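Colleague: Could you walk me through one part of this model slowly, please? I would like a close look at the place where its two domains meet.

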Amino acid sequence: MSTLGIETSCDDCGVAIYDATRGIVAEALASQTEIHQPFGGVVPELASRDHIRKLAPLLQRVLDDADMTLEHLTGIAYTAGPGLPGALMVGAAFGRSLAQALDIPSIGVHHMEGHLLAPFLSDERPQFPFLALLVSGGHTQIVRVQAIGDYKILGDTLDDAVGEAFDKVARMLGLGFPGGSAISKLAISGNAKAFKLPRPMTDRPGLDLSFSGLKTAVRNLVADTSPINDQTAADIAASFEQAIVDTLRIKVSRALRETRIQELIVAGGVSANHRLRQQFQLQLDAKVHFPAPHLCTDNGAMIAFAGHHRLQQGFTEPLAITTRPRWPLEELADQSGSAHTGVLHRSQPH
Ligand code: KG4
Ligand code: ZN
């Protein structure tokens with residue numbers, strides 16, 4: 001079985017092929033950073049238009065790299081939500097139509113399930129049940145994962161997602177877009193103890209998170225500090241990054257303790273963060289899994305893998321092309337092991 005994966009939920013256009021016996025056999029990614037950089041954030045319409053331009057050449061590239069033709073594909077998975085409506089529609093229309101033309105099944109994949117399953121593409125696979133910390137530009141969630149498709153959200157952010165907080169603080173420091181990796185790079189030469197910043201909601205019970213107070217504290221710090229030379233900026237970046245890592249670590253240790261679960265996966269764009277990876281590995285009383293660094297941010301491989309599982313179980317999308325820009329992860333649990341964007345067809349496993 002060879003499943004094509006297509007990711008177009010935001011500003012990265014990712015295409016990959018997952019083979020049931022060989023794993024990921026080819027992957028390609030087209031970043032839109034240069035397109036959105038002048039605007040300081042993602043411009044949805046520009047994102048959709050660029051996905052339209054990039055999908056066919058990326059598909060050709062992965063087929064060439066894998067030494068395959070379209071006829072070798074046995075299924076197509078595309079991100080159906082959550083994400084930008086137009087961008088999602090481009091990938092869904094491309095994937096669903098190609099599947100129709102090739103007469104093979106297709107499946108709409110939940111973007112966060114894609115992230116959540118990315119650590120399974122590493123050699124050492126997580127064991128169920130485990131906890132997942134999902135940290136991306138749009139989500140910050142602590143999830144109990146009983147099996148693929150069986151997700152219970154234990155904690156969620158009340159305001160900004162953690163990636164969003166990174167992006168906003170990067171803007172305050174004039175680091176441009178995208179912000180997370182820029183903060184991370186700058187923080188290497190900074191002193192994480194230079195400034196005292198809050199660890200929001202850690203002194204309260206429960207597993208919910210909030211990052212707007214921390215963001216405001218950094219904004220006030222930037223306003224009150226002058227001049228901000230390179231070293232001061234690095235110190236602010238490091239202190240902010242440490243506050244985020246401490247906050248997440250405190251909440252996740254609480255979740256591990258309360259659920260008595262001993263395995264954790266961390267996924268989503270922010271899981272690429274070096275400080276977070278290092279300190280979670282060293283300081284948490286659990287076996288911690290991360291995706292390979294290039295599979296932390298959006299990519300086609302995670303969608304190919306998640307879709308492969310759904311297709312293997314016999315689930316396929318009907319011919320209608322549907323996307324869900326808003327899509328709660330827990331709705332995947334209504335049938336064990338099923339992902340669907342609306343009407344779901346269960347056919348014989350392929
Ligand atoms: O998962 P992702 O690629 O897209 C979404 O699903 O949102 O995550 C993107 C987010 C952005 O907010 C970006 O700033 C953040 O992940 N990010 C990082 C790092 N690399 C990406 N945040 C902190 N440190 C990084 N190294
Ligand atoms: Zn993502």
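Colleague: How many salt bridges are counted between domain 1 and domain 2?

Modeller: Happy to help! This is a predicted model, so local features need pLDDT of at least 70 and side-chain atom pairs count only at pLDDT 80 or more, while totals for chains, interfaces and linings use all residues. Residues are numbered from 1 along each chain as its sequence is written, chains are lettered from A and ligands numbered from 1 in written order, and side-chain values use heavy atoms, without hydrogens or water.

To your question: the count between domain 1 and domain 2 is 0 salt bridges, a salt bridge being a side-chain nitrogen of Lys or Arg within 4 Å of a carboxyl oxygen of Asp or Glu.

Let's place the two partners. Domain 1 takes in 2–116 + 296–346, and domain 2 is 126–290; these bounds come from an automatic or database domain assignment. Their C-alpha centres lie 27 Å apart. At the interface, 21 residues of domain 1 are in contact with 24 residues of domain 2 (contact means heavy atoms within 4.5 Å). Together the domains bury about 1800 Å², 69% of it on carbon and sulfur atoms; this is the accessible area (1.4 Å probe) that the two parts lose on being put together, summed over both. M112, L116 and C296 supply 33% of what domain 1 buries there, more than any other three residues.

Polar contacts do cross the interface: the rule finds 5 residue pairs, both residues at pLDDT 80 or more. Such a contact is a pair of N or O atoms within 3.5 Å; within protein, one must be able to donate a hydrogen and the other to accept it, and residues adjacent in sequence count only if both atoms are side-chain atoms. On the side of domain 1 that touches domain 2, the elements giving two or more residues are α1 (33–36), α4 (111–117) and α10 (300–312). Helices (H or I, at least four residues) and strands (E, at least two) are DSSP runs, numbered from the N terminus. Helix α4 gives the most, with 4 residues. By class, this side has 8 nonpolar, 9 polar and 4 charged residues; Ala, Val, Leu, Ile, Met, Phe, Trp, Tyr, Cys and Pro count as nonpolar, Asp, Glu, Lys and Arg as charged, and the others, Gly among them, as polar.

Helix α4 also leads us to a metal. The zinc ion (ligand 2) is coordinated by H111 (NE2), H115 (NE2) and D298 (OD), at 2.0 to 2.1 Å. H111 in helix α4 and D298 in the loop between β10 (287–289) and α10 are 187 residues apart, so this pair links distant parts of the chain. Donors are N, O and S atoms within 2.8 Å of the metal (3.2 Å for Na, K and Ca), and sites may look incomplete because water is not among the atoms.

Back to salt bridges: side chains of opposite charge can pair when their charged atoms come close. The rule's count comes to 13 salt bridges. One joins K287 and E124, whose closest N and O atoms are 2.6 Å apart. K287 lies in strand β10 and E124 in the loop between α4 and β6 (130–135), so the pair ties together parts 163 residues apart in sequence.
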